[in-house]
Amino acid sequence: MTHKLILDGKSVADDIKSKLVDRVCALNEKGIKPCLATILVGDDPSSATYVRMKGNACHRLGIDSKRVYLQTNTTTDELIDVIRQLNEDPNVHGILLQHPVPGHIDERAAFEAIDLKKDVDGVTTSGFAQNAFGLADYPSCTPAAILAILDYYQIPIEGKHAVVVGRSPILGKPVSLMLLNRNATVTTCHSKTKHLDQIVQLGDIVVAAVGKPKFIQGEWIKDGAVVMDAGYNPGNVGDVDYETCLKQASAITPVPAGVGPVTIAMLLKHTVDAAEQAMKERHTAK
Ligand code: NAP
């Protein structure tokens, strides 16, 4: 049997976080504590768990986390008001609006209210556009995590055919653009794509970002392809059928402990980046 590489997200996350320790200390010495504000609207238990996990990860690294819990019936205007207050707060360096928000809220309007300088998950149209040009300070965290895993394991991207299943603004689309910027040939698939199995079979790199448990089947995967599973469904299940895809793939991310921990590490990194940037701007303004 050929060797299978299990792409261990925890090692990648630890590598990213270890490089942040000295930077956080240097900021602390200057009286600055990097701070990530997370906003949760409603009481969805999975979202509450994600927010808690992000807050705990911050604390372990000496990063402040400000958690804002809003009731399910919060209006779009009320949410935007909260975001504006966080924009104005000099002690907050990154803002993360946990998505999805309840259906009555205009999620796009809320995302757009986030100051670009604090948009550590690349959710604003300006952040997205900068990412499309390869110029973003803070590309969306999960796409950045997928690229970081490929780079950590020195998996070549240039010239490879990457097939991305999913085109959401926070995941499928930005990861497609980031792979394109790294000279992959990219096919982005979605719910109206025909002959999905045949298209996935062309992929040297397959990114699953569908939101459907065990959706990508092993028989769709080309022998020796690299499978990146961004999915995270109830019961710790990814968007690929792990057992059957493992048989075909040369390398694969598990769920859990694949893309998830690296996404959180990216969020921490972007928060530290933003705190350093804010400090530089304060010095320049003096
Ligand atoms: P989303 O907004 O629901 O988008 C899902 C995408 O999949 C859409 O583009 C949709 O196509 C496409 N799709 C749905 N059914 C399909 C089908 N039968 N065939 C082909 N494409 C199909 O989800 P998301 O926010 O991008 O999240 C995707 C997954 O990643 C979820 O499992 C989520 O939990 C996970 N996630 C993980 C992390 C992490 O840190 N690991 C972070 C964020 C998200 P249309 O555009 O045509 O509707």
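In this predicted model, Arg167 is partly exposed, with a relative accessible area of 39%. Its place is in the loop between β5 and α8. Apart from neighbours within four places in sequence, Arg167 is in contact with Gly172, Lys173, Thr188, Cys189 and His190. The UniProt annotation "binding site", from an unreviewed entry, covers Arg167 together with Gly166 and Ser168; such annotations may be inferred rather than shown by experiment.

Gly166 is likewise found in the loop between β5 and α8. In contrast to the partly exposed Arg167, Gly166 counts as buried, because its relative accessibility is 9% and the cut-off for burial is under 20%. Leaving aside neighbours within four places in sequence, the contacts of Gly166 are with Gly172, Lys173, Thr188, Cys189 and Ala209. Gly172, Lys173, Thr188 and Cys189 thus appear among the contacts of Gly166 and also among those of Arg167.

The strand that leads into this loop deserves attention next. Strand β5 comprises residues 161–165, and 5 of its 5 residues are buried, so the strand is largely enclosed by the rest of the structure. Its two faces are both covered: on one side lie His161, Val163 and Val165, on the other Ala162 and Val164, and all of these are buried.

Strand β5 has pairing partners in β6 and β7. Strand β6, residues 185–189, runs parallel to β5 and is joined to it by 5 bridges; within this pair, His161 stands opposite Thr185. With strand β7, residues 205–208, β5 pairs in the parallel sense over 4 bridges, and here Ala162 has Ile205 as its bridge partner. The connection from β5 to β6 involves helix α8, residues 172–181: β5, α8 and β6 make a right-handed β-α-β unit.

Another part of the chain carries a domain annotation. An unreviewed UniProt entry assigns residues 7–121 to "domain: Tetrahydrofolate dehydrogenase/cyclohydrolase catalytic". In the model, this span is 47% helix and 16% strand, and its end C-alpha atoms lie 23 Å apart.

Helix α3 occupies residues 45–60. At 1.5 Å a residue, its 16 residues should span 22 Å, and the distance of 23 Å between its end C-alpha atoms agrees with that expectation. The buried residues in α3 are Ser47, Ala48, Val51, Lys54, Gly55, Ala57 and Cys58. Their cover includes strands β2 (35–41), β3 (64–70) and β4 (94–97), as well as helix α11 (259–285). Just after α3, Gly62 takes a positive phi of about 80°.

Cys58, one of the buried residues of α3, raises the matter of disulfides. Its relative accessible area is 0%. The closest cysteine sulfur to that of Cys58 belongs to Cys35, at 7.9 Å, which is too far for a bond, because a disulfide requires the two sulfur atoms to be within 2.5 Å. Cys245 is also buried, at 0% relative accessibility. Its sulfur is 14 Å from the closest cysteine sulfur, in Cys189, and that separation is again too far for a bond. By this criterion, the count for the model comes to 0 disulfides. Cys189 also returns the account to its starting point, as it is in contact with Arg167.

Conventions:
Residues are numbered from 1 along each chain as its sequence is written. This is a predicted model: local features need pLDDT of at least 70, side-chain atom pairs count only at pLDDT 80 or more; totals for chains, interfaces and linings use all residues. Side-chain values use heavy atoms; hydrogens and water are left out. Buried means under 20% relative accessible area, exposed over 50%, partly exposed in between (1.4 Å probe, protein chains only). Two strands pair if DSSP finds at least two bridges between them. A crossover is right-handed if, with the strands pointing away from the viewer, the path from the first strand over the helix to the second runs clockwise. The expected span of a helix is 1.5 Å times one less than its number of residues. Contact means heavy atoms within 4.5 Å.
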